[in-house]
Amino acid sequence: MRMIVLSEAPESIAPKVADVLGIPVYLLAKNFSLETIAATLQSQAHQPQNSFGIWLGELPSIDRYRQVYDAFLSRNIQLLNRPEQYAIAQQFSNVYSSLSDLTPAPKSAHSWAEVRQAANLRYGQTDQSEPLGRSFRVYLYRQTILTYAYSWEADDLLKWLTVEEEEAIFSVALKAAARLDLPFMAIDIGQQASERWVIVGVCDVQFGLLNQTPMISFWGELERIFSA
């Protein structure tokens, strides 16, 4: 099955790079209705057949995701995360209970914002009005690391990793991925002032791509996986 991109944001870098790399990109209206999916796909030059789809858009509710998933599936397009898997990423308490030993906050935390606040991350010198805690977003598909990106677009010396630091964040990301039934995930990993690496966020990649993500390696790794 081939991989295709279904994007509500044609102006963003992700679908543009996918298109340049030869990955079929299907543009959807922002907040599209289910009734328009068939017409939108039929209007494209090439009809997707038995494809894995990556939906790029605004973060949907669990019910909305389920409805869109079923609508795409009826057109032989299977999103990488099933509805019950997408729901995992939206249910903080269940995810956190599985990863609590890899995070900096007490087990009573109620949100990733609270976890990040409790992390006591390292801070670098930037021209931003607010200090930026050192953290990276690691992208994975079925426990295979695709690529990673610094969490902030600011010019910050802390965005550069040594080989040892890269190995450390990958180790934490793989431990977390092994515990969650979420095939296509992004994991935010921050470095505390003590230099320990901890998890400060988890999300579905489809709704968590950062602009500064190295998209050539991101799409290239996915293409390699699906063409194997």
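Contact here means that heavy atoms lie within 4.5 Å. The structure is a predicted model, in which local features need pLDDT of at least 70 and side-chain atom pairs count only at pLDDT 80 or more, while totals for chains, interfaces and linings use all residues. Residues are numbered from 1 along each chain as its sequence is written, and side-chain values use heavy atoms, with hydrogens and water left out.

A good place to begin is the open sheet, whose four strands (DSSP runs of E, at least two residues, numbered from the N terminus) follow the order 6-5-7-8 with antiparallel pairing, where pairing requires that DSSP finds at least two bridges between two strands. Strand 6 (144–150) and strand 8 (197–204) stand at the edges with a single partner strand each, so one side of each has no neighbour in the sheet. Strand 5 (residues 135–141) and strand 7 (residues 184–191) are joined in the antiparallel sense by seven bridges, and arginine 137 has aspartate 188 in strand 7 as its bridge partner.

Across strand 5, strand 6, strand 7 and strand 8 lies helix 7 (residues 163–179), a helix being a DSSP run of H or I of at least four residues.

The largest nonpolar core, a set of buried (under 20% relative accessible area, 1.4 Å probe, protein chains only) Ala, Val, Leu, Ile, Met, Phe, Trp, Tyr and Cys residues joined through side-chain atoms within 4.5 Å, has 35 residues, and Ile189 and Ile199 have the most contacts inside it. Helix 7 supplies the largest share of this core, six residues. Isoleucine 189 touches, among others, Phe136, Ile169, Val172 and Ile199, not counting residues up to four places away in sequence.

Methods
Axes fitted to C-alpha atoms, helices over the stretch in contact; angles between N-to-C directions. Buried < 20%, exposed > 50% of the residue type's maximum accessible area, 1.4 Å probe, protein only.
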